[in-house]
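This report looks at how some helices and strands are arranged. Please view the structure below before reading on.

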Amino acid sequence: MNQEAPIVEIRNLGYAVNGRPIFDGLDMDIPRGRVTAVMGPSGTGKTTLLRLITGQVRPFTGSIQVAGEDMRTLKRAGLYVLRRRMGMLFQNGALLTDYSVFENVAFPLREHTDLPERLIRQLVLTKLQAVGLRGAAELMPAELSGGMSRRVALARAIVMDPEILIYDEPFVGLDPISLGVILRLIRRLNDTLGLTSIVVSHDVKEISTVADDLFLLSGGKVVARGTPEELKSSTSDIVRQFVGGLPDGPVAFHYPAPDYFGELLSRGEDF
Amino acid sequence: MIIIKELWQSLIEALEGLGAVVRFLLRLLAFTPSALLRFDLIVQQVFNSGALSLVIIMLSGLFVGMVLGLQGFQLLQRFGSEQSLGVAAAIGLVKELGPVVTALLFAGRAGTALASELGLMRATDQLSAMEMMAVDPIKRVVVPRFLGGVIAMPLLAAIFSLIGVYGAQLIGVQIMGVDAGSFWSQMRAGVGLGDINEGIVKSCIFGVACSLIAVYEGYYAVPTAAGVGSATTRTVVTSAVVVLFLDYLLTAAFL
């Protein structure tokens, strides 16, 4: 396969939830072997984009190619084959609460391979060592802190040696130390395992320290793309609002509403 | 007019719901052969649904049997036929009370546990995480739980009936003084294989119904605290109504 071609290619993507358009003519190329961050205000459909890339939902219009597969027409069996080449880190880790840390990381191996127990043990311990939690192998998910569960989930996501690793808001609710650990892991795993990493986040400052490329989504389109430095020096209003964290701007402070005074003075019979 | 329209609407919705449940059942059945290959997962669920319900089933069986012994004795004594207490209690337990009360208790004990477990797995993204690991949650999580319930129910009903007969004997023979010989011999003569078959068929069908309702409600629970709560409630309510309704149909069919 052409190593230069983007691993995810999105063309003219359209998608709506409950009749509300989320994406309208979205184009995006995610290059191979790099850390790409997808940013945007809450409600711009970042998580929906991940669901589209991983085939949990299908686009209404346009096309998505992931690792050479067309996500619009891919059958269920093909999708499952493709997903073995992907790892995904959910916001809260999504560990299986009935199983210990060790069994959580071993889960994909036990489901998809017939490896002997000794080899499974070695693979799991190597991955746990990579995230620094080999000592926690026998703990249950309920005994872990938020940052630790996310690291276990990360070990589980890489245990099948995926080509693409997807992070859904990996920094939410972490203390500064755990956050630093996750940031370093994103970079290190990407480079040592030769992965492609896609990170969805709205933590501009944090993600700028590790990402090679940034995409800024707003209003269903990519409004800016570039390296962290390029985005910092951008003159576009929306980029400056987002990067600078300004409360009002192109993304309005107010949710669309009828006229304020008119609504206050009305007798409220419309409700 | 509005009432008729709303009734019509809710009838349509009920039928759509029934259709969705049947389609879900067909999906479960399609995965059943491959799920049977991993029998350890099913055994685990038979333990969760069955063994962990044993205490409540045995206690209830004992009390129901004791009540039957007391009421049956009072009633039969009026006709001077208290010797038939054994056969009366056994028929009542094996054909009706065993399967029905077990199913109601099962819905309350194991069904709610199944529904809330699956609902919480949905709410905490565990089911989505499995899908992302290319593991089908229906095959890996739902089908073993469903089959575990289906297997556990007839066993629980049999234990319920057995303990119930002991309870009836305890009151009737030990306390009220019915002759032990005629209690047991009339029971042996009066309870036929057909009666036992009826009980087995009923408890198997109730097992399918209760397990299906529980896993369906749990799997499709709205992924919030309130959603999981209402899924659990609906599991008990729907199971109870469906079991009693099916019981009537099956009883009529066996006549």
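## Two helices in contact

Helix 6 of chain B and helix 8 of chain B cross in a right-handed way (the near helix is turned clockwise from the far one by less than a right angle; anticlockwise would be left-handed). Helix 6 covers residues 137-175 and helix 8 covers residues 193-219; they pack at about 145 degrees, with axes 8 Å apart. Axes are lines fitted to C-alpha atoms, for helices over the stretch in contact, and angles run from 0 to 180 degrees between N-to-C directions. The contact has 15 nonpolar residues, six polar and one charged (nonpolar: Ala, Val, Leu, Ile, Met, Phe, Trp, Tyr, Cys and Pro; charged: Asp, Glu, Lys and Arg; polar: the others, Gly among them).

Helices (H or I, at least four residues) and strands (E, at least two) are DSSP runs, numbered from the N terminus.

## Source of the model

The model is predicted: local features need pLDDT of at least 70 and side-chain atom pairs pLDDT 80 or more, while totals for chains, interfaces and linings use all residues. Residues are numbered from 1 along each chain as its sequence is written, and chains are lettered from A and ligands numbered from 1 in the order in which they are written.

## A kinked helix

Helix 4 of chain B (residues 85-123) has a kink of about 50 degrees centred on L93(B); the bend is the angle between axes fitted to the seven residues ending at a residue and the seven starting there. Just after helix 4 of chain B, D125(B) has a positive phi of about 65 degrees.

## A sheet in chain A

Four strands of chain A form an open sheet in the order 2-1-4-5, paired antiparallel. Two strands pair if DSSP finds at least two bridges between them. Strand 1 (residues 8-17) and strand 4 (residues 61-66) of chain A are joined by five bridges, and I10(A) lies opposite I64(A) of strand 4.
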